[in-house]
Amino acid sequence: WAGNNDNTPNIKSIKKFCDERNFCEIKAKHIHIATYNKKNEFISHINKNFWTKFEKTSESLVLTIRLEKLINVYDIGDIFNIHKNILEQFGLFVDGIEIDYDSPSNKISFYNNWLQKLSILLENEKLEITGLRSWIDDNQFETKELLKNVENINFQLYQYDKNIFPTQNFFNFINNNDNANIAIYCFDYDFFEKVIKYINEKKYL
C-alpha cells in the first residue's frame, strides 16, 4: 500500500504461516498505484524505482486505484492503461484492476451500475473491488449482486491500522460465496489463526 515501508518481518511471518500448511497459494500482488482524492486530483504512487522491488519481473500484478469518490469511468481507464503500459515495458505482467472505494451500504446499487460501465470499458481486464464488512449486514442482497459483476470482492477486516474481528453473519457470507475474500491489515499471525477457524478451507487460497 502506498506510503507504507517494506516490512521484512511481516513478509517472513506470511511465508512461515504458508510453509506450515499445504493449502497456501501465491496470488497476484495487489499494488496501490494511484489515488483520486477529495480535491479532484489523481496522485500516482509509482516512482522510477518501483519495479526494482520485485524479485521476478514475470510476477503478476493487480493494480489498485483508491477512490475517495466515484468519477468518470474513462478517467479510471486512462489511469489504469497508462500505468499498465509503463509497468509492462519493464517486464511486469498486469493481471487486472482493483477499485478501492468505500461505498455507503445504501448506495451499493449505484456503485454496481458504475462498475458495470467500467467492466465494459475494460472488457479484457479482471475487475476486483475492496468491500466493507458493513455491506453484508446492512445490504446483503445488493452485495450479492455486486459479486456477479466482479472477479472478487476483497472484504477489509480492518479500520485504519487495526484488524477487526467480524460477525458470524459475515463468515457465513464469505463461506457461501466463492469470490468473496478477506483482507487483513498487514499480517497478524494470531488474528489470522483466529479467523481461519470460522472459514472453509477453500477460502484460504
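**Exercise 1. Salt bridges around Arg66**

Task: How many salt bridges does a search of the whole structure find, and which residues are joined with Arg66 into one network?

Solution. Start with the total: searching the whole structure, which is a predicted model, turns up six salt bridges.

Step 1: look at Arg66 and Asp100. They form a salt bridge, and their closest N and O atoms sit 3.4 Å apart. This pair links distant parts of the chain, with Arg66 in strand 3 (residues 60-67) and Asp100 in strand 4 (residues 93-100), 34 residues apart. Both Arg66 and Asp100 are buried.

Step 2: stay with Arg66 and check Asp102. Here the closest N and O atoms are 3.2 Å apart, again a salt bridge. Asp102 lies in the loop between strand 4 and helix 3 (108-121) while Arg66 is in strand 3, so this pair ties together parts that are 36 residues apart in sequence.

Step 3: put it together. Arg66, Glu68, Asp100 and Asp102 are joined into one network by salt bridges that share partners.

**Exercise 2. Buried or exposed?**

Task: Sort Arg66, Asp102, Glu145 and Lys148 into buried, partly exposed or exposed.

Solution. You need two cut-offs: buried means under 20% relative accessible area, and exposed means over 50%.

- Arg66 has a relative accessible area of 14%, so put it down as buried.
- Asp102 comes in at 33%, so this one is partly exposed.
- Glu145, with 26%, is partly exposed.
- Lys148 has 62%, so call it exposed.

Now pair up the last two: Glu145 and Lys148 form a salt bridge, with 2.9 Å between the closest N and O atoms.

**Exercise 3. Strand 3 and its neighbours**

Task: Which strands pair with strand 3, and why can you call strand 3 largely enclosed?

Solution. Take one side at a time.

Step 1: strand 1 (residues 29-36) pairs with strand 3 in the parallel sense, over seven bridges. For a landmark, find Ile31, whose bridge partner in strand 3 is Leu63.

Step 2: strand 4 also runs parallel to strand 3, and six bridges join them. The landmark here is Ile65, standing opposite Ile99 in strand 4.

Step 3: follow the chain from strand 3 to strand 4. Together with helix 2 (residues 73-89), these two strands make a right-handed β-α-β unit.

Step 4: count the burial. Seven of the eight residues of strand 3 are buried, so the rest of the structure largely encloses this strand.

**Exercise 4. The core and the whole chain**

Task: Which residues of the largest nonpolar core touch the most other members, and what does Tyr111 touch?

Solution. Begin inside and work outwards.

Step 1: the largest nonpolar core has 49 residues, and Ile99, Tyr111 and Trp114 touch the most other members. You have met Ile99 already, opposite Ile65.

Step 2: zoom in on Tyr111. Leaving out residues up to four places away in sequence, Tyr111 touches Leu70, Ile99, Tyr101, Ser103, Ile129, Trp135 and Leu146.

Step 3: zoom out to the chain. There are seven helices and nine strands, and of the 205 residues, 44% are buried. Among contacts with a separation of 6 or more, 73% come from residues 24 or more positions apart.

Step 4: finish at the surface. About 12000 Å² is exposed, with carbon and sulfur atoms supplying 47% of that area.

Definitions and conventions: Residues are numbered from 1 along each chain as its sequence is written. This is a predicted model: local features need pLDDT of at least 70, side-chain atom pairs count only at pLDDT 80 or more; totals for chains, interfaces and linings use all residues. Side-chain values use heavy atoms; hydrogens and water are left out. A nonpolar core is a set of buried Ala, Val, Leu, Ile, Met, Phe, Trp, Tyr and Cys residues joined through side-chain atoms within 4.5 Å. Buried means under 20% relative accessible area, exposed over 50%, partly exposed in between (1.4 Å probe, protein chains only). Contact means heavy atoms within 4.5 Å. Helices (H or I, at least four residues) and strands (E, at least two) are DSSP runs, numbered from the N terminus. Accessible areas come from the Shrake-Rupley method with a 1.4 Å probe; for residues, only the protein chains shown count as cover. A salt bridge is a side-chain nitrogen of Lys or Arg within 4 Å of a carboxyl oxygen of Asp or Glu. Two strands pair if DSSP finds at least two bridges between them. A crossover is right-handed if, with the strands pointing away from the viewer, the path from the first strand over the helix to the second runs clockwise.
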